[in-house]
Amino acid sequence: MTRNSVREAEPAAEKVGTTGGSRHGGRRSPRGHRLLRWSATTLAVLILGSATAGYLYYRHLNDNIRKDELNLGDNKVAEPTPNAAGQIPLNILLIGSDARDTEENQQLGGARETFGSTPLADVQMLVHLSADRSNMSVVSMPRDTLVKIPKCTDPDDDEVYPASDGRVMTNQSLGHGGPGCTVATWQELTGIHIDHFVMVDFSGVVSMADAVGGVPVCVDANILSRDSQGHGSGLKLEEGTTSVKGEQALQWLRTRYGFEDGSDLARAKAQHMYMNSMVRTLRENATLSSPNKLRKLAEEATEALTVDTGLDTVKKLYDLSNELRQVEPERITMTTMPNRYVGARVEPTKDAEKLFRLVREDIALDGKDEKKATPTPSATASGDPAADDDKIGVLVQNGTRTDTLRAASGRASTVTGLLVEKGFTKAAADTSSALSEDRTVVRYPSAELEGDAQRVAKSLGIPASSVERSTDVSGVTVVVGADWREGRTYKAPEEDDKTPESAEALNGADEDACMHVNPGFTWS
């Protein structure tokens, strides 16, 4: 693929609390319109699935599609184990690039001084299609989430981008060789195998939104997204439900000033509402049966896309759209990765890891699945087998301290002794500090140690869901939590497969969803 020219790259690592990049609140004016790229991506997939097969095989449509490598990182995550029917889930990462590499993209994106600059992955959403194709889950990651970007190699010129020195904003991953580095970053953070990516930039968004026709959206008060300094999208709507298209749809997807607390998180919520409404509209809109409209939409969609080589033809995109179209709106769940503020940035919380686990284990976020069997620790996602027990180094820490209780004395030493008795002769206790952990966990830093971590967990009776990848440890580490303050036998708590409330789940069939308007941006 021809990549846009780039400016001098920003610093490779942004330490926690530093400034730069994007932000929440009133820190700096956001590039709000780049939330549109996910809209265009979803439209592209859905619309292609609506077109007749004859249009899909036109060679010029295939030529429109740009291609790039799926994963530019060194580590791979193996596909999940098939279910009893031999089916496997499908994970697609949707990426919105803010690239201003053409006059059209520059005009749509504004900020003339950034023309030809290093692109940022300012929209990142993981679409998880269940193995049985009965439900779909969407996890949105805020663009300024602090993560460690792994080492990535640009497939075009073999330039190597070293792993970030400390945590940086996740949107910087796109500038480390392309969308395949954003995929690698997601896999490192979540442990979720990603099958495909679809990336879209500014161009074609407004025309596609206009071609689809009106999409109903709701606000709980009159809104005008414009402050005294002229910041805002200009969206002006009356209280209640309005059908928006074209420029008004663009304004809705750009709006930050006026929705809730004025943050990017509120804007993502508005985007989820729009996308759910659009999916329902596309299913019901008979006007899309016009061959000329379908032809135009297909051409615009393919021109807007960059995909991995597994989706590099219109037929492959058509097949993907057919997979996605099997899911009814009531089985679609939109979520945002649970997070907390770190200065002007955000970081994943424990609820985020729970959400990632539900996706890894193919558990429907709408709670309508039958109870699945808990996976055993012996089956690793990476496929790396465990070393012999006496060759596995294990550090044991005491995490039994709580808000009301001191750390239970000697827990790290007790569990270390238990591991040694079981043959883990390289186990050692860390008695330097008392940590606070609600439940006992086994952490590991990289894919090659996952098998070792799961082997240690199995020997102690710790469930697979409590084995997690973490860049905060340098080797296999057992943190004895507040749920194991005494005794030598661990009793695992009953597994909770409910979607965390902090994920702010929105059901695809919810026609009553309505954005809250900040009183400072209303009118009468």
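Me: Why does His-176 count as buried?
Reply: Its relative accessibility is 10%, and buried means under 20% relative accessible area, with exposed set at over 50% and partly exposed in between (1.4 Å probe, protein chains only). His-176 therefore counts as buried. The model is predicted, so local features need pLDDT of at least 70 and side-chain atom pairs count only at pLDDT 80 or more, while totals for chains, interfaces and linings use all residues. Residues are numbered from 1 along each chain as its sequence is written, and side-chain values use heavy atoms, with hydrogens and water left out.

Me: Where does His-176 lie, and what is it in contact with beyond its neighbours within four places in sequence?
Reply: His-176 is in the loop between strand 8 (168-169) and helix 5 (179-190); helices (H or I, at least four residues) and strands (E, at least two) are DSSP runs, numbered from the N terminus. With neighbours within four places set aside, the contacts of His-176 (heavy atoms within 4.5 Å) are Leu-72, Ile-149, Cys-152, Tyr-161, Pro-162 and Cys-181.

Me: Is Thr-145 buried or exposed, and what polar partner does its side chain have?
Reply: Thr-145 has a relative accessible area of 0% and is therefore buried. It belongs to the loop between strand 4 and strand 5 (146-147). A polar atom of its side chain lies 2.8 Å from the backbone oxygen of Pro-142. A polar contact is a pair of N or O atoms within 3.5 Å; within protein, one must be able to donate a hydrogen and the other to accept it, and residues adjacent in sequence count only if both atoms are side-chain atoms. Leaving aside neighbours within four places in sequence, Thr-145 also touches residues including Val-168, Met-169, Met-337 and Val-346.

Me: How do you know that strand 3 pairs with strand 2 and with strand 4?
Reply: Two strands pair if DSSP finds at least two bridges between them. Strand 2 (residues 90-97) and strand 3 are joined by eight bridges and run antiparallel; strand 3 and strand 4 (residues 136-141) have six, also in the antiparallel sense. Ser-97 faces Ala-121 in strand 3, and His-128 has Ser-137 in strand 4 as its bridge partner. In strand 3 (residues 121-129), nine of nine residues are buried. Six residues separate strand 3 and strand 4 in their hairpin, where Arg-133 takes a positive phi near 60°.

Me: What makes strand 19 and strand 21 edge strands?
Reply: The open sheet has five strands in the order 19-18-22-20-21, with mixed pairing. Strand 19 (427-434) and strand 21 (467-469) each have a single partner strand, so one side of each is left without a neighbour in the sheet. Strand 18 (residues 394-398) and strand 19 run parallel and are joined by five bridges, with Val-396 opposite Ala-429.

Me: Why is the pair of Trp-252 and Phe-259 called edge-to-face?
Reply: Rings of Phe, Tyr and Trp (its six-membered ring) pair if their centres lie within 6.5 Å, and planes under 30 degrees apart count as stacked, over 60 as edge-to-face and the rest as tilted. Trp-252 and Phe-259 are 5.0 Å apart centre to centre with 65° between the planes, and the pair is edge-to-face. Both are buried, Trp-252 at 0% relative accessibility and Phe-259 at a relative accessible area of 0%.

Me: What makes the pair of Tyr-257 and Phe-521 tilted, and which parts does it tie together?
Reply: The centres of Tyr-257 and Phe-521 are 6.2 Å apart and the planes 45° apart, and the pair is tilted. Tyr-257 lies in the loop between helix 7 (246-254) and helix 8, and Phe-521 in the segment after strand 23 (506-507), so the pair ties together parts that are 264 residues apart in sequence. Both residues are buried.

Me: What makes the phi of Asp-158 and of Asp-362 notable?
Reply: Most residues other than glycine have a negative phi. Asp-158 has a positive phi of about 65°, and Asp-362 has one near 60°. Asp-158 lies in the loop between strand 6 (152-153) and strand 7 (160-161) and counts as exposed at 58% relative accessibility. Asp-362 lies in the loop between helix 11 (350-360) and strand 18 and counts as buried at 11%.
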